Amino acid sequence: MNIEIKDTLILDDNNEYVVTSKTIYENNNYYFLIDKNDPDNIIICKENNNELIQVTNNELINKLSPIFLETTYNVLKEDN
C-alpha cells in the first residue's frame with residue numbers, strides 16, 4: 001500500500017477519512033485518520049496485508065499518539 005499524508009480514504013463504514021499522520025512503529029505502518037465530515041471521528045489504523053485494521057489497544061494508542069503529534073508538527077512546519 002502506498003498511503004501518504006493528505007490522502008483521502010473511504011473505509012468500510014463508507015466515511016471519507018483524511019490521513020493526517022503516519023509512522024512506522026515496531027516495523028508496522030500506522031495511520032492517523034480524521035473523518036472529513038466529523039472531525040471528532042478519529043481512527044488509528046495499522047496496515048496489515050494491504051488492509052487497514054483499526055487499533056483499539058489503548059496502550060498502543062498511547063505510545064503512538066506522541067509520535068503522530070511530532071510527525072504532524074514536522075509536516076506542518078515543512079508546508080510553511
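Biologist: Which residues does Glu 16 touch, not counting residues up to four places away in sequence?
Modeller: This is a predicted model, so to speak of local features we need pLDDT of at least 70, and side-chain atom pairs count only at pLDDT 80 or more, while totals for chains, interfaces and linings use all residues. Numbering starts from 1 along each chain as its sequence is written, and side-chain values use heavy atoms, with hydrogens and water left out. Glu 16 is found in strand 2; strands (E, at least two residues) and helices (H or I, at least four) are DSSP runs numbered from the N terminus. Counting heavy atoms within 4.5 Å as contact, Glu 16 touches Thr 8, Leu 9, Ile 10, Ile 34, Asp 35 and Lys 36.

Biologist: Is Glu 16 buried, partly exposed or exposed, and what is its relative accessible area?
Modeller: Buried means under 20% relative accessible area, exposed over 50%, and partly exposed in between, using a 1.4 Å probe and protein chains only. Glu 16 is partly exposed, because its relative accessible area is 32%.

Biologist: How many Å separate Glu 16 and Asn 49 in space?
Modeller: In sequence, the two are 33 residues apart. From C-alpha to C-alpha, Glu 16 and Asn 49 are separated by 21 Å.

Biologist: Strand 2 also holds Thr 23; why does Thr 23 count as buried?
Modeller: Leaving aside neighbours within four places in sequence, Thr 23 is in contact with Asn 28, Asn 29, Tyr 30, Leu 64, Ile 67 and Phe 68. Thr 23 counts as buried because its relative accessibility is 13%.

Biologist: Which residue in the loop between strand 2 and strand 3 has a positive phi without being a glycine?
Modeller: The phi in question is near 50 degrees. At 61% relative accessibility, the residue counts as exposed. That residue, in the loop before strand 3 (28–35), is Glu 26.

Biologist: What is the phi of Lys 6?
Modeller: Lys 6 sits in the segment before strand 1 and counts as exposed, with 55% relative accessibility. Although Lys 6 is not a glycine, its phi is positive, at about 85 degrees.

Biologist: In what order do the elements of the chain run?
Modeller: The chain has one helix and five strands. From the N terminus on, the order is β-β-β-β-β-α.

Biologist: And what is the radius of gyration of the chain?
Modeller: Here the radius is taken over C-alpha atoms, and the globule rule is 2.2 Å times the number of residues to the power 0.38. For 80 residues the rule gives 12 Å, and the chain comes close to that, so it is as compact as a globular protein of that length, with a radius of gyration of 12 Å.

Biologist: How much space lies in the largest pocket, and which residues are closest to its centre?
Modeller: On a 1 Å grid over the protein atoms alone, a pocket is an open set of points where a 1.4 Å probe fits, with protein on both sides within 12 Å along at least five of seven lines, and lining residues have an atom within 4 Å of a point. Its volume, the space filled by probe spheres set on points joined across faces, edges and corners, is about 280 Å³. Of the 13 lining residues, the closest to the centre are Ile 10, Leu 11, Asp 12, Leu 52 and Ile 53.

Biologist: Which strand gives the largest share of that lining?
Modeller: Strand 1 (8–10), strand 4 (42–48) and strand 5 (51–54) each supply at least two residues of the lining. The largest share, four residues, comes from strand 5.
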